[in-house]
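Let's take a walk through a protein together. Keep the picture open while you read, and look up each residue as it comes along.

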Amino acid sequence: MKTGLIMEGGAMRGMFTAGVTDVFMENGIEFDGAAGISAGAIFGCNYKSHQIGRTIRYNKRYGRDPRYCSIRSLITTGDLYGVEFCYHTVPEKLDIFDRAAFEQNPMEFYVGATDVATGRIAYHNCLDGRAKDIEWMRASASMPFVSRPVKIDGRLYLDGGITDPVPFKYMEKRGYNRNVIILTQPKGYQKKDHHNSSLIKMLLKKYPKVADAMIARPGVYNHQMEEILERENSGQSLVIRPPEPLGISRTENNPTELEWVYQTGRVEGKKRLKEVIDFLKKD
């Protein structure tokens, strides 16, 4: 039996996930492997490096810094979230990412990104937390329209949430048969079909496969939620969700709002803690 931790994206809704996972780490909960998409990747990596509190700390401290996220950054660089500041200055100088701890932790950590040419998901096992792993994490969180595609080994990638919002099937295929899934939307949430397909195709005319995947995404997401609910009801997976809509924007930078979402995650993490421990110990 292999235990897995699976983390949905959702940009700053990921503060909910950070609250849950910090409670897990504080209580010594370990997994054989983890998989994250988008915010689930760039925040979830702190589980493997075992850096409790790091996600909420640096987002509250630097979220309003224009080098971190701003229209100015989007206009001048093509990325709403500044690449140099977010992926180098913060983790290398201001709030250091513990690459040594990341590498020494035997837990596998997979991140998914959308291949621009094919419109399909691609996964990478992050082993050491160094340059290539960071590029995969960045690619996984590179939202269409406000990010440039990330080039890795000659291929271009964008946000993994376009094509595989919650990577539970990928983990199951890799033999992870006891999974804790953290979602960032409440139970019953359904994405609405796009009514602006023509606009999406126009804005992404350079990347038609990505446009097709974006248009199909609501149906893909809603089907995943149905499948996850089936696994939850059967006891195959344990699912943790916000108790209500989190009500923050994808680019929220108000420290008070971020802290509220994070604390909501902590409350849910504590509430479900014994259940999680018992679930992971099952034969």
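We'll start with the cores, stop at one residue in a loop, and end with the pockets. Keep in mind that what you're looking at is a predicted model.

So, what's inside? A bit of background helps here: in soluble globular proteins, nonpolar side chains tend to be buried together. In this model, the largest nonpolar core has 61 residues. If you'd like to find its best-connected members, look for L5, F24, F31, Y68, F109, M137 and V180, which touch the most other members. Helix α1, running from residue 14 to 26, supplies the largest share of this core, with seven residues. Apart from this core lies another one, made of 16 residues, and V166, F168, M171 and Y221 are among them.

Now zoom in on Y68, one of those well-connected members. Which residues does Y68 meet once you ignore its neighbours within four places in sequence? Its contacts are M12, Y58, N59, Y62, G63, L80, Y81, G82, F85 and C86. Try clicking through them one by one.

Next, head over to Q51. You'll find Q51 in the loop between α3 (45–48) and α4 (54–62). Is Q51 buried or exposed? Q51 counts as buried, because its relative accessible area is 13%, and the cut-off for buried is under 20%. And who's around it? Leaving out neighbours within four places in sequence, Q51 is in contact with D22, M25, N46, I96, F97 and D98.

Time for the pockets. The largest pocket has a volume of about 460 Å³, and 22 residues line it. To spot its centre, look for G161, K191, M214, R217 and R250, the lining residues that lie nearest to that point. Helix α11 (residues 208–234) gives the most to this lining, namely four residues. Sorted by class, the lining has ten nonpolar, five polar and seven charged residues.

The second largest pocket comes in at about 260 Å³. This one is lined by 14 residues, and those closest to its centre are I121, T163, D164, K169 and Q224. Three elements each give two or more residues to the lining: β4 (120–125), α9 (168–173) and α11. Which of the elements gives the largest share? That's α11, with five residues. By class, this lining divides into five nonpolar, four polar and five charged residues. So helix α11 turns up in the linings of both the largest pocket and the second largest one.

Key. Residues numbered from 1 in each chain as written. Predicted model: local features only at pLDDT ≥ 70, side-chain atom pairs only at ≥ 80, totals over all residues. Heavy atoms only, no water. Core = buried A, V, L, I, M, F, W, Y, C linked by side-chain atoms within 4.5 Å. Buried < 20%, exposed > 50% of the residue type's maximum accessible area, 1.4 Å probe, protein only. Contact = heavy atoms within 4.5 Å. 1 Å grid on protein atoms, 1.4 Å probe; cavity = no way out; pocket = protein on both sides within 12 Å on 5 of 7 lines; lining within 4 Å. Points joined across faces, edges and corners; volume = space filled by probe spheres on them. Nonpolar A, V, L, I, M, F, W, Y, C, P; charged D, E, K, R; others polar.
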